[in-house]
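Work through the following exercises on aromatic rings, charges over rings and cysteines. Each task is followed by a solution in steps.

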Amino acid sequence: MVFRDTIKEPKVKVEGAGCDLPLAVSLQSRVASQLPAYLEEGLGFSQKNLHSLASFLLSRKVNPKDVDKMLLERQMLGFDLERILLKRMRSSVLGRTGENHDGQASDDSLLPGLHEDTALDILAWSCRSYYPNLACVNKKFKALIGSGYLYRLRRQLGVMEHWVYLACILMPWEAFDPVRQRWMRLPRMPCDECFTYADKESLAVGTELLVFGRELSGFAIWMYSLLSHEWSRCPPMNLPRCLFGSSSLGEIAIIAGGSDKNGRILRSAELYNSELGVWQNLPDMNLPRKLCSGLFMDGKFYVIGGMSSQTECLSCGEEYNLETRIWRRIENMYPVSSVGHPAMRSPPLVAVVNNQLYSADQATNQVKKYDKTNNSWSVVKQLPVRADSSHGWGLAFKACGSSLLVIGGHRGPEGEVIVLHSWDPQDRSMAGPEWNVLAVKERAGAFVYNCAVMGC
């Protein structure tokens, strides 16, 4: 029997940009050279329209030589750039949907009888599962949904829904909507056979699902867009790698550590901006590590676990401050397990809910919570499935809004199924050993190869 799980998400604060005009012209030219073509063509950006962005940079006393770096740093531009893009997108979108010049409602508006701003707010608050159906209504709705404007508006309004993306056996990727209890199959990825059968890693960032793997020609990244519902090649990392730690925060993601094509264990890290579609090198970590895990907590990026050599396991973690661009080493952040060979164990199974870190222990089948003050772990719950049978492999442990999500295989008299379990740590009625069965996926085998949760 399937039950519905309630998902919550805190709202996002939006701040305005400062305005100062000196040197704007010189900055505008540099900013314009860094903006991708889609901002200029699709959103109507021009030299005149860059005044606000240049003023914002100047108000923070930005050196023009640093603009290219600043454009990639979400924590520096924050939602000021978001407001600029949202305003331009609104003008572009409404220009296609027949808005009156005086802003009044018209029979040709999205929702006749309502002003366009009201209509857009209503659509933004609507369940995004209905967006594909809305896109089929007419060309106006298709242009609106495909523009990505509603997702930006949802972000500004603090509206967020989470979908789970799964790849089991060699079946195509599927998405699960917990609110409507609906499974959706993604188009088949147009990759080569090597990529299909090789080990892969996945990450959801913004409205994109990134799948990292290896093709005959080397490392490759395939990207599924929620806007176009198509797969395409994602720009490669500056230093392609595998077995890395990664996590996303809104429209940015950080990849840290891993192994390069020659098997060298890396200490380098990169930031990916899904809005600009570019990778930026970050400062190196203190230690090289592979088979590690990444996470965002309290606005900072952490990497824990992994191996610094073929035999040495790491119990220390590292914290990256996005504002200071400095890595800080944290001793004994993730104790090394003595069970099984280290190269056989999966990377740490970790998830962050309400800025609290949880892990699924591969050896004891327990959920543990991290104490930030004492730098220690305590047991809070038993896992609903076994993680020790395959040393943590084949099991997904993710955050889904305010809930923890455990996805694993189950073999029963009727065959193998994938079961999605959820638990809200703040729900006192669920404090006992029972987990909520969110969904059951039949004929999917009993092994989860890849899993990512997209919130937008």
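The exercises below refer to this model, which is predicted.

**Exercise 1.** Classify the ring pair formed by Tyr131 and Tyr151, and place the two residues in the chain.

Solution. A pair of aromatic rings is described by the distance of the centres and the angle of the planes. Step one: the ring centres of Tyr131 and Tyr151 are 5.6 Å apart, and the cut-off for a pair is 6.5 Å. Step two: the planes stand at 75°; an angle over 60 degrees counts as edge-to-face, so Tyr131 and Tyr151 are an edge-to-face pair. Step three: Tyr131 belongs to helix H7 (residues 131-134), while Tyr151 belongs to helix H9 (residues 149-157). The two residues are 20 apart, and their pair links distant parts of the chain. Step four: both Tyr131 and Tyr151 are buried.

**Exercise 2.** State how many aromatic pairs the model has, and name the members of the cluster that includes Phe296.

Solution. The count is 13 aromatic pairs. Phe296 shares one aromatic cluster with Phe301, Tyr320 and Trp327.

**Exercise 3.** Which lysines lie over the faces of Trp183 and Trp435?

Solution. For Trp183 it is Lys441, at 4.8 Å from the ring centre. For Trp435 it is Lys381, at 5.7 Å from the ring centre.

**Exercise 4.** Determine how many disulfides the structure has, then examine Cys191 and Cys451.

Solution. Step one: a search of the whole structure gives 0 disulfides. Step two: for Cys191, the nearest cysteine sulfur belongs to Cys194 and is 9.3 Å away. Step three: for Cys451, the nearest is that of Cys168, 8.3 Å away. A disulfide requires sulfur atoms within 2.5 Å, so neither Cys191 nor Cys451 is in one. Step four: the relative accessible area of Cys451 is 5%; buried means under 20%, so Cys451 is buried.

Definitions and conventions
Residues are numbered from 1 along each chain as its sequence is written. This is a predicted model: local features need pLDDT of at least 70, side-chain atom pairs count only at pLDDT 80 or more; totals for chains, interfaces and linings use all residues. Side-chain values use heavy atoms; hydrogens and water are left out. Rings of Phe, Tyr and Trp (its six-membered ring) pair if their centres lie within 6.5 Å; planes under 30 degrees apart count as stacked, over 60 as edge-to-face and the rest as tilted. Helices (H or I, at least four residues) and strands (E, at least two) are DSSP runs, numbered from the N terminus. Buried means under 20% relative accessible area, exposed over 50%, partly exposed in between (1.4 Å probe, protein chains only). A charge sits over a ring if NZ of Lys or CZ of Arg is within 6 Å of the ring centre and within 35 degrees of the ring normal.
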